[in-house]
Amino acid sequence: MAMTNSNAQMDCCSASTGSTHELVYDQKGGGTVFWVSGQMYDCIACVQMDGTAQYFPMNEGGASCGPHGMRFDASGHLWVTLEWLGELARVETDKTSKNYGTIVQRVDVNLYAKGAPVAINTHPHGLGLAADGALWFTGKLTNTVGRVDAQGNVSHFELPTIGAVPIYLSPGPDGNMWCTELASSKIAQITNDGKVTEFTIPTGNSRPIAILASPDGKAMWWSEEAGGKVGRIGMEKGNPMVEFSVPLASRDAILAGLAFDSESRLWVQQYSSPPAKGCAVENDYIVRLGAELLQKTDGDLTGVPIDYFKAPSKGTVMHRITQGPDKAMWFSELGINRIGRIALSV
């Protein structure tokens with residue numbers, strides 16, 4: 001089993017570090033292509049399995065756009081959130097098209113309030129795809145989540161908790177969308193017609209980040225940036241939340257993205273907080289929790305195999321992780337603008 005940094009690095013134009021964000025696999029790409037968003041670079045990248053990359057600017061006309069969330073829709077079209085502009089953009093990924101790598105459709109997801117002199121930018125951040133084919137996004141700075149149906153109609157739904165800061169969202173086994181509320185330490189369930197139900201995480205100020213459905217179809221799982229835990233909530237009414245403390249490799253370690261592999265094992269990114277000036281930089285890891293975790297009901301990790309995979313680089317500020325067509329685990333490193341790969345031999 002090997003863990004490596006890909007030679008794909010977001011260097012399409014001049015910008016500071018802290019840019020390589022989302023990472024999605026293109027099911028239509030012949031088993032060879034990932035797409036990566038580079039928010040501070042105003043571009044996205046198409047990355048081959050060997051790490052070679054091709055870059056595409058998203059800032060038509062020179063306006064900074066901040067591409068972040070990425071998702072393929074039910075028709076296999078790639079969508080990207082343009083956070084600085086308040087738009088969703090569809091990007092052509094067909095290499096035979098003359099428009100390859102360019103924006104071919106835009107959806108305005110700004111808020112237009114009565115009496116407001118200008119549109120209010122929702123800052124669309126996370127992007128998800130519902131079972132009915134609708135695209136959902138988190139309005140990071142407007143305390144909203146939004147839905148775009150197949151006809152391009154946009155709906156906005158306000159979260160009950162003020163200043164919740166919705167970050168990521170994912171479809172649940174119950175047919176609803178679920179999102180994390182970074183600042184309120186809550187998980188929210190949103191129905192197709194916009195009814196929002198919030199669930200408070202037992203650990204206060206846990207800063208929930210990523211969220212996804214369990215492979216057994218029974219629960220939603222999330223990671224806690226500050227809580228150092230992963231959590232689960234069942235789909236049955238009254239099902240309690242359960243948190244599992246992920247053993248931290250260093251005192252300042254925090255959690256980021258998470259993903260299940262084809263063996264139902266949970267992978268969680270764990271990186272060290274940027275150290276104070278002059279202090280040593282700790283190693284970063286990806287942690288694998290065995291499939292036995294799915295059967296646990298009391299927060300106890302006894303009997304659950306836990307494996308640590310050290311990143312080749314430090315200061316990674318890991319962001320997203322997913323399993324590729326090669327069964328390897330692929331992940332993005334926001335802090336050093338790289339993507340990495342864990343080749344699985346067992």
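Val230 stands opposite Phe244 in strand E21. The model is a predicted one, and this pair of residues leads into one of its sheets.

Strand E20, residues 229-234, runs antiparallel to E21, and five bridges join E20 to E21. E20 and E21 belong to an open sheet of four strands, ordered E18-E19-E20-E21, with antiparallel pairing. Strand E18 (208-213) and strand E21 (241-245) are at the edges of this sheet; each has a single partner strand, so one side of each is left without a neighbour there. From one strand to the next, the twist averages 20°. Strands of a sheet pair through backbone hydrogen bonds.

Two pockets are described next.

The largest pocket has 26 lining residues, and those closest to its centre are Val24, Arg71, Leu212, Ile321 and Thr322. Several strands give two or more residues to this lining, among them E2 (20-25), E6 (67-72), E10 (124-129) and the edge strand E18.

The second largest pocket is lined by 20 residues, of which His125, Tyr168, Glu225, His319 and Leu334 are the closest to its centre. Strands E14, E22 and E26 each supply at least two residues of that lining. E14 (166-171), E22 (253-260) and E26 (318-323) also each give two or more residues to the lining of the largest pocket.

Volumes and lining residues are set out below.

| Pocket | Volume | Nonpolar | Polar | Charged |
|---|---|---|---|---|
| Largest pocket | about 820 Å³ | 17 residues | six residues | three residues |
| Second largest pocket | about 330 Å³ | eleven residues | five residues | four residues |

Definitions and conventions. Residues numbered from 1 in each chain as written. Predicted model: local features only at pLDDT ≥ 70, side-chain atom pairs only at ≥ 80, totals over all residues. Heavy atoms only, no water. Pairing = 2+ DSSP bridges. Axes fitted to C-alpha atoms, helices over the stretch in contact; angles between N-to-C directions. 1 Å grid on protein atoms, 1.4 Å probe; cavity = no way out; pocket = protein on both sides within 12 Å on 5 of 7 lines; lining within 4 Å. Points joined across faces, edges and corners; volume = space filled by probe spheres on them. Nonpolar A, V, L, I, M, F, W, Y, C, P; charged D, E, K, R; others polar.
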